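This report covers the open and closed spaces of one protein, its overall build and three single residues. Look at the structure first, then read on.

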Amino acid sequence: MIFFEVDGLTKRFGGVTAVNQISFRVKRDEVVGLIGPNGAGKTTLVRLILGILRPNAGTVRFRGEDITRLKTWDIVQRGIAGTFQNTRPFRRLPIIANVMVPCLGPRAARRGEWVKTVEARAMDALEFVGISDLAREPASRLSHGDLKRLELARAIATEPDLLILDEPFGGLNPAETELLAKSIRRLHRGGRFGRLHSEGAAMVIIEHKLSELMKIVDRVVVMHFGEIIADGPPAEVVRDPRVLEAYIGKEVG
Ligand SMILES: Nc1ncnc2c1ncn2[C@@H]1O[C@H](COP(=O)(O)OP(=O)(O)O)[C@@H](O)[C@H]1O
Ligand SMILES: [Mg+2]
(Lines give C-alpha, C1' and ligand atoms only; values in the text may rest on other atoms or scores of the structure.)
(Ligands and ions follow the chains in the order given, each with its own letter.)
Protein backbone atom coordinates (compact mmCIF):
# COMPACT_ATOMS: atom_id res chain seq x y z
CA MET A 1 0.00 0.00 0.00
CA ILE A 2 1.18 3.52 -0.78
CA PHE A 3 2.03 5.19 2.53
CA PHE A 4 1.43 8.81 1.58
CA GLU A 5 0.40 10.28 -1.74
CA VAL A 6 -0.52 13.70 -3.05
CA ASP A 7 -2.21 13.58 -6.46
CA GLY A 8 -2.94 16.57 -8.69
CA LEU A 9 -3.29 18.93 -5.75
CA THR A 10 -4.21 22.47 -6.82
CA LYS A 11 -4.92 25.64 -4.87
CA ARG A 12 -5.75 29.05 -6.30
CA PHE A 13 -5.91 32.35 -4.43
CA GLY A 14 -7.78 34.69 -6.77
CA GLY A 15 -5.59 34.89 -9.85
CA VAL A 16 -2.59 33.17 -8.24
CA THR A 17 -2.23 29.40 -8.58
CA ALA A 18 -0.11 28.80 -5.49
CA VAL A 19 -0.11 25.00 -5.90
CA ASN A 20 -0.57 23.68 -9.43
CA GLN A 21 -1.25 19.96 -10.05
CA ILE A 22 1.27 18.73 -7.49
CA SER A 23 1.82 14.97 -7.26
CA PHE A 24 4.38 13.10 -5.16
CA ARG A 25 4.70 10.15 -2.82
CA VAL A 26 6.45 9.51 0.47
CA LYS A 27 7.47 6.01 1.59
CA ARG A 28 7.11 4.78 5.16
CA ASP A 29 10.84 5.07 5.87
CA GLU A 30 11.66 8.22 3.89
CA VAL A 31 12.79 11.72 4.78
CA VAL A 32 11.85 14.04 1.93
CA GLY A 33 13.07 17.62 1.65
CA LEU A 34 10.72 20.10 0.01
CA ILE A 35 12.56 23.14 -1.28
CA GLY A 36 11.97 26.04 -3.62
CA PRO A 37 12.36 29.80 -3.78
CA ASN A 38 10.17 32.10 -1.69
CA GLY A 39 6.56 32.05 -2.91
CA ALA A 40 6.98 28.65 -4.62
CA GLY A 41 3.90 27.31 -2.80
CA LYS A 42 5.55 25.11 -0.15
CA THR A 43 3.61 26.42 2.85
CA THR A 44 0.35 26.33 0.91
CA LEU A 45 1.02 22.67 0.04
CA VAL A 46 1.60 21.82 3.71
CA ARG A 47 -1.55 23.65 4.76
CA LEU A 48 -3.52 21.67 2.17
CA ILE A 49 -2.09 18.38 3.44
CA LEU A 50 -2.87 19.22 7.06
CA GLY A 51 -6.46 20.22 6.30
CA ILE A 52 -6.00 23.90 7.11
CA LEU A 53 -6.83 24.89 3.52
CA ARG A 54 -9.23 23.22 1.07
CA PRO A 55 -7.82 22.44 -2.39
CA ASN A 56 -9.56 23.41 -5.64
CA ALA A 57 -8.64 20.01 -7.06
CA GLY A 58 -6.64 16.89 -6.25
CA THR A 59 -6.41 14.37 -3.44
CA VAL A 60 -4.29 13.52 -0.42
CA ARG A 61 -4.15 9.85 0.57
CA PHE A 62 -2.67 8.35 3.71
CA ARG A 63 -2.41 4.56 4.00
CA GLY A 64 -4.93 4.16 1.21
CA GLU A 65 -7.50 6.47 2.76
CA ASP A 66 -8.62 9.70 1.08
CA ILE A 67 -8.01 12.35 3.75
CA THR A 68 -8.40 15.39 1.46
CA ARG A 69 -11.54 16.80 3.05
CA LEU A 70 -10.85 15.83 6.65
CA LYS A 71 -10.36 18.42 9.38
CA THR A 72 -6.89 18.93 10.85
CA TRP A 73 -7.98 17.27 14.08
CA ASP A 74 -9.04 14.09 12.27
CA ILE A 75 -5.84 14.06 10.25
CA VAL A 76 -3.76 14.25 13.44
CA GLN A 77 -5.80 11.35 14.85
CA ARG A 78 -4.71 9.25 11.85
CA GLY A 79 -1.03 9.81 12.50
CA ILE A 80 0.07 12.90 10.57
CA ALA A 81 1.39 15.90 12.48
CA GLY A 82 3.02 19.12 11.40
CA THR A 83 4.82 22.15 12.70
CA PHE A 84 4.17 25.56 11.29
CA GLN A 85 6.38 28.27 9.88
CA ASN A 86 4.71 30.84 12.11
CA THR A 87 4.14 29.44 15.58
CA ARG A 88 0.87 30.36 17.25
CA PRO A 89 0.73 28.78 20.71
CA PHE A 90 -2.04 29.32 23.25
CA ARG A 91 -0.03 32.04 24.94
CA ARG A 92 -1.86 32.06 28.27
CA LEU A 93 -1.77 28.30 28.74
CA PRO A 94 1.21 26.57 30.35
CA ILE A 95 3.63 25.06 27.86
CA ILE A 96 2.71 21.53 28.93
CA ALA A 97 -0.99 22.22 28.20
CA ASN A 98 -0.07 23.43 24.71
CA VAL A 99 1.51 20.04 24.07
CA MET A 100 -1.41 18.09 25.56
CA VAL A 101 -4.22 19.69 23.56
CA PRO A 102 -3.63 17.87 20.25
CA CYS A 103 -3.18 14.55 22.09
CA LEU A 104 -6.54 14.53 23.84
CA GLY A 105 -9.19 13.10 21.58
CA PRO A 106 -10.78 9.93 20.24
CA ARG A 107 -7.44 8.23 19.69
CA ALA A 108 -6.41 8.82 23.30
CA ALA A 109 -9.80 7.52 24.40
CA ARG A 110 -9.46 4.39 22.25
CA ARG A 111 -6.08 3.69 23.75
CA GLY A 112 -7.61 4.09 27.20
CA GLU A 113 -5.47 7.13 27.94
CA TRP A 114 -6.56 10.10 29.92
CA VAL A 115 -5.11 13.31 31.30
CA LYS A 116 -2.35 11.85 33.50
CA THR A 117 -1.02 9.54 30.80
CA VAL A 118 -1.12 12.25 28.17
CA GLU A 119 0.52 14.72 30.54
CA ALA A 120 3.35 12.29 31.22
CA ARG A 121 3.93 11.80 27.52
CA ALA A 122 3.74 15.55 26.85
CA MET A 123 6.40 16.03 29.52
CA ASP A 124 8.65 13.51 27.78
CA ALA A 125 8.13 15.34 24.50
CA LEU A 126 9.25 18.57 26.19
CA GLU A 127 12.20 16.68 27.66
CA PHE A 128 13.06 15.38 24.19
CA VAL A 129 13.26 18.89 22.75
CA GLY A 130 15.00 20.23 25.86
CA ILE A 131 12.45 22.59 27.45
CA SER A 132 10.85 20.42 30.15
CA ASP A 133 12.10 22.83 32.84
CA LEU A 134 9.72 25.44 31.38
CA ALA A 135 6.66 23.12 31.35
CA ARG A 136 4.59 25.16 33.83
CA GLU A 137 5.43 28.57 32.35
CA PRO A 138 2.93 30.27 30.09
CA ALA A 139 3.82 29.92 26.42
CA SER A 140 4.08 33.72 26.15
CA ARG A 141 7.39 33.48 28.04
CA LEU A 142 9.19 31.48 25.37
CA SER A 143 11.92 32.85 23.13
CA HIS A 144 11.70 32.32 19.37
CA GLY A 145 14.02 29.31 19.49
CA ASP A 146 12.07 27.73 22.33
CA LEU A 147 8.76 28.33 20.53
CA LYS A 148 10.16 26.27 17.66
CA ARG A 149 10.95 23.53 20.14
CA LEU A 150 7.44 23.74 21.60
CA GLU A 151 6.05 23.31 18.06
CA LEU A 152 8.11 20.17 17.60
CA ALA A 153 7.16 18.80 21.04
CA ARG A 154 3.49 19.37 20.28
CA ALA A 155 3.77 17.43 17.03
CA ILE A 156 5.80 14.49 18.35
CA ALA A 157 3.64 14.05 21.47
CA THR A 158 0.88 12.81 19.12
CA GLU A 159 3.32 10.04 18.06
CA PRO A 160 2.91 10.67 14.32
CA ASP A 161 3.97 8.23 11.59
CA LEU A 162 4.33 11.16 9.18
CA LEU A 163 5.82 14.40 10.45
CA ILE A 164 5.72 17.54 8.32
CA LEU A 165 8.05 20.36 9.32
CA ASP A 166 7.73 23.82 7.75
CA GLU A 167 11.05 25.67 8.04
CA PRO A 168 12.08 24.11 11.37
CA PHE A 169 15.45 25.87 11.32
CA GLY A 170 14.06 29.35 10.59
CA GLY A 171 15.53 31.95 12.91
CA LEU A 172 17.65 29.46 14.85
CA ASN A 173 21.34 30.05 15.51
CA PRO A 174 23.91 27.42 14.43
CA ALA A 175 23.98 25.69 17.83
CA GLU A 176 20.18 25.50 17.99
CA THR A 177 20.09 24.29 14.40
CA GLU A 178 22.56 21.50 15.13
CA LEU A 179 20.57 20.43 18.20
CA LEU A 180 17.29 20.35 16.28
CA ALA A 181 18.85 18.45 13.37
CA LYS A 182 20.00 15.82 15.86
CA SER A 183 16.49 15.54 17.33
CA ILE A 184 15.00 15.16 13.86
CA ARG A 185 17.39 12.34 13.02
CA ARG A 186 16.57 10.59 16.30
CA LEU A 187 12.84 10.87 15.58
CA HIS A 188 13.31 9.36 12.18
CA ARG A 189 15.24 6.41 13.59
CA GLY A 190 12.52 5.91 16.18
CA GLY A 191 12.68 4.30 19.58
CA ARG A 192 11.48 4.94 23.07
CA PHE A 193 12.02 8.35 24.60
CA GLY A 194 10.62 7.99 28.09
CA ARG A 195 6.92 7.30 27.64
CA LEU A 196 7.09 8.63 24.13
CA HIS A 197 7.22 5.93 21.53
CA SER A 198 8.14 6.35 17.89
CA GLU A 199 8.29 3.62 15.28
CA GLY A 200 10.34 6.02 13.23
CA ALA A 201 8.52 8.85 11.53
CA ALA A 202 8.51 9.43 7.79
CA MET A 203 9.12 13.10 7.21
CA VAL A 204 8.58 15.95 4.83
CA ILE A 205 10.86 18.84 5.71
CA ILE A 206 10.49 22.23 4.09
CA GLU A 207 13.54 24.34 4.50
CA HIS A 208 15.14 27.44 3.13
CA LYS A 209 18.56 26.69 4.62
CA LEU A 210 19.60 23.98 2.20
CA SER A 211 22.98 23.09 3.68
CA GLU A 212 21.44 21.71 6.88
CA LEU A 213 18.56 20.05 5.05
CA MET A 214 20.73 18.16 2.57
CA LYS A 215 22.42 16.29 5.45
CA ILE A 216 19.08 14.92 6.70
CA VAL A 217 17.06 13.97 3.63
CA ASP A 218 16.95 10.88 1.37
CA ARG A 219 15.21 12.72 -1.45
CA VAL A 220 14.46 16.27 -2.50
CA VAL A 221 11.35 17.63 -4.20
CA VAL A 222 11.79 21.09 -5.72
CA MET A 223 8.87 23.47 -6.22
CA HIS A 224 8.86 26.59 -8.38
CA PHE A 225 5.82 28.76 -9.16
CA GLY A 226 3.49 26.12 -7.69
CA GLU A 227 4.88 23.20 -9.69
CA ILE A 228 7.39 20.41 -9.08
CA ILE A 229 10.48 20.98 -11.23
CA ALA A 230 12.70 18.22 -9.80
CA ASP A 231 12.39 15.13 -7.60
CA GLY A 232 15.37 12.94 -6.76
CA PRO A 233 18.44 12.32 -4.59
CA PRO A 234 19.99 15.52 -3.11
CA ALA A 235 23.25 15.20 -5.07
CA GLU A 236 21.37 15.01 -8.39
CA VAL A 237 18.84 17.70 -7.64
CA VAL A 238 21.43 20.36 -6.77
CA ARG A 239 23.05 19.83 -10.20
CA ASP A 240 19.76 19.98 -12.12
CA PRO A 241 19.85 22.97 -14.51
CA ARG A 242 16.19 23.82 -13.87
CA VAL A 243 16.81 23.92 -10.14
CA LEU A 244 19.91 26.07 -10.55
CA GLU A 245 17.93 28.44 -12.73
CA ALA A 246 15.12 28.69 -10.17
CA TYR A 247 17.71 29.56 -7.55
CA ILE A 248 19.74 31.96 -9.68
CA GLY A 249 21.82 34.21 -7.50
CA LYS A 250 21.18 31.94 -4.53
CA GLU A 251 23.21 29.16 -3.03
CA VAL A 252 22.09 25.57 -3.61
CA GLY A 253 23.45 22.86 -1.32
N1 LIG B 1 -3.85 33.02 2.12
C2 LIG B 1 -3.36 33.48 0.95
N3 LIG B 1 -4.05 34.35 0.20
C4 LIG B 1 -3.56 34.78 -0.98
N5 LIG B 1 -2.40 34.41 -1.51
C6 LIG B 1 -1.66 33.53 -0.81
C7 LIG B 1 -2.08 33.03 0.46
N8 LIG B 1 -1.14 32.16 0.93
C9 LIG B 1 -0.17 32.14 -0.02
N10 LIG B 1 -0.47 32.95 -1.05
C11 LIG B 1 0.33 33.13 -2.26
O12 LIG B 1 0.63 31.86 -2.77
C13 LIG B 1 1.97 31.79 -3.26
C14 LIG B 1 2.75 30.71 -2.54
O15 LIG B 1 2.97 31.09 -1.19
P16 LIG B 1 3.59 30.12 -0.09
O17 LIG B 1 2.86 28.84 -0.13
O18 LIG B 1 3.62 30.85 1.20
O19 LIG B 1 5.07 29.91 -0.65
P20 LIG B 1 6.40 29.41 0.09
O21 LIG B 1 6.03 28.79 1.39
O22 LIG B 1 7.02 28.45 -0.88
O23 LIG B 1 7.26 30.62 0.27
C24 LIG B 1 2.54 33.20 -3.09
O25 LIG B 1 2.37 33.90 -4.31
C26 LIG B 1 1.68 33.77 -1.98
O27 LIG B 1 1.62 35.19 -2.09
MG1 LIG C 1 6.66 29.09 3.34
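Helices (H or I, at least four residues) and strands (E, at least two) are DSSP runs, numbered from the N terminus. The model is predicted.

## Overall build

The secondary structure comes to 10 helices and 12 strands. The C-alpha trace spans about 55 × 40 × 35 Å along its principal axes. Does the radius of gyration of 18 Å point towards or away from a compact globule? A compact globule of 253 residues would have a radius of gyration near 18 Å, so the value for the protein agrees.

Of the 253 residues, 54% are buried. Among contacts with a separation of 6 or more, 66% join residues 24 or more positions apart. The accessible surface comes to about 11900 Å². Carbon and sulfur atoms hold 52% of that surface.

## The spaces compared

Here are the volumes and linings side by side.

| Space | Volume | Nonpolar lining residues | Polar lining residues | Charged lining residues |
|---|---|---|---|---|
| Largest pocket | about 670 Å³ | 12 residues | 7 residues | 5 residues |
| Second largest pocket | about 180 Å³ | 6 residues | 3 residues | 5 residues |
| Largest cavity | about 80 Å³ | 6 residues | 1 residue | 4 residues |

## The largest pocket

The largest pocket has a volume of about 670 Å³. Its lining holds 24 residues, and the closest to the centre are Ile 52, Gly 82, Phe 84, Glu 151 and Arg 154.

Which elements each supply at least two residues of this lining? They are helix H1 (42–49), helix H2 (72–77), strand E6 (80–83) and helix H6 (144–156). Strand E6 gives the most, with 4 residues. By class, the lining divides into 12 nonpolar, 7 polar and 5 charged residues.

## The second largest pocket

About 180 Å³ of space lies in the second largest pocket. Of the 14 residues that line this pocket, Val 129, Arg 149, Leu 179, Leu 180 and Ser 183 are the closest to its centre.

Helix H5 (115–129), H6 and helix H7 (174–189) each supply at least two lining residues. Here H7 gives the most, with 6 residues. The lining has 6 nonpolar, 3 polar and 5 charged residues.

H6 thus appears in both linings, with at least two residues in that of the largest pocket and at least two in that of the second largest.

## The cavities

How many cavities of 30 Å³ or more does the structure hold? There are 3. The largest cavity has a volume of about 80 Å³.

The lining of the largest cavity consists of Thr 83, Phe 84, Lys 148, Glu 151, Leu 152, Leu 165, Asp 166, Glu 167, Pro 168, Leu 180 and Ile 184. H6, strand E7 (162–166) and H7 each supply at least two of these residues. H6 gives the most, with 3 residues. Sorted by class, the lining has 6 nonpolar, 1 polar and 4 charged residues.

Some names recur. Phe 84 and Glu 151 line the largest cavity and are among the residues closest to the centre of the largest pocket. Leu 180 also lines the cavity, and is one of the residues closest to the centre of the second largest pocket.

## Three single residues

Glu 167, another residue of the cavity lining, lies in the loop between E7 and H7. Its phi is near 50 degrees, a positive value in a residue other than glycine. Is Glu 167 buried or exposed? Glu 167 counts as buried because its relative accessibility is 13%, and buried means under 20%.

Phe 225 also has a positive phi in a residue other than glycine, near 45 degrees. Phe 225 sits in the loop between strand E11 (219–224) and strand E12 (227–232). With a relative accessible area of 66%, Phe 225 is exposed, since the cut-off for exposed is over 50%.

Val 60 is in strand E4 (residues 57–62). At 1% relative accessibility, Val 60 counts as buried. Leaving out residues up to four places away in sequence, Val 60 touches Phe 4, Glu 5, Val 6, Leu 9, Ile 49, Glu 65, Asp 66, Ile 67 and Thr 68. Pro 168, which lines the largest cavity, is 108 residues from Val 60 along the chain, and their C-alpha atoms are separated by 23 Å.

Key. Residues are numbered from 1 along each chain as its sequence is written. Chains are lettered from A and ligands numbered from 1 in the order in which they are written. This is a predicted model: local features need pLDDT of at least 70, side-chain atom pairs count only at pLDDT 80 or more; totals for chains, interfaces and linings use all residues. Side-chain values use heavy atoms; hydrogens and water are left out. On a 1 Å grid over the protein atoms alone, a cavity is a set of points where a 1.4 Å probe fits but cannot get out, and a pocket is an open set with protein on both sides within 12 Å along at least five of seven lines; lining residues have an atom within 4 Å of a point. Grid points are joined across faces, edges and corners, and a volume is the space filled by probe spheres set on the points. Ala, Val, Leu, Ile, Met, Phe, Trp, Tyr, Cys and Pro count as nonpolar, Asp, Glu, Lys and Arg as charged, and the others, Gly among them, as polar. The radius of gyration is taken over C-alpha atoms; the globule rule is 2.2 Å times the number of residues to the power 0.38. Buried means under 20% relative accessible area, exposed over 50%, partly exposed in between (1.4 Å probe, protein chains only). Contact means heavy atoms within 4.5 Å. Accessible areas come from the Shrake-Rupley method with a 1.4 Å probe; for residues, only the protein chains shown count as cover.
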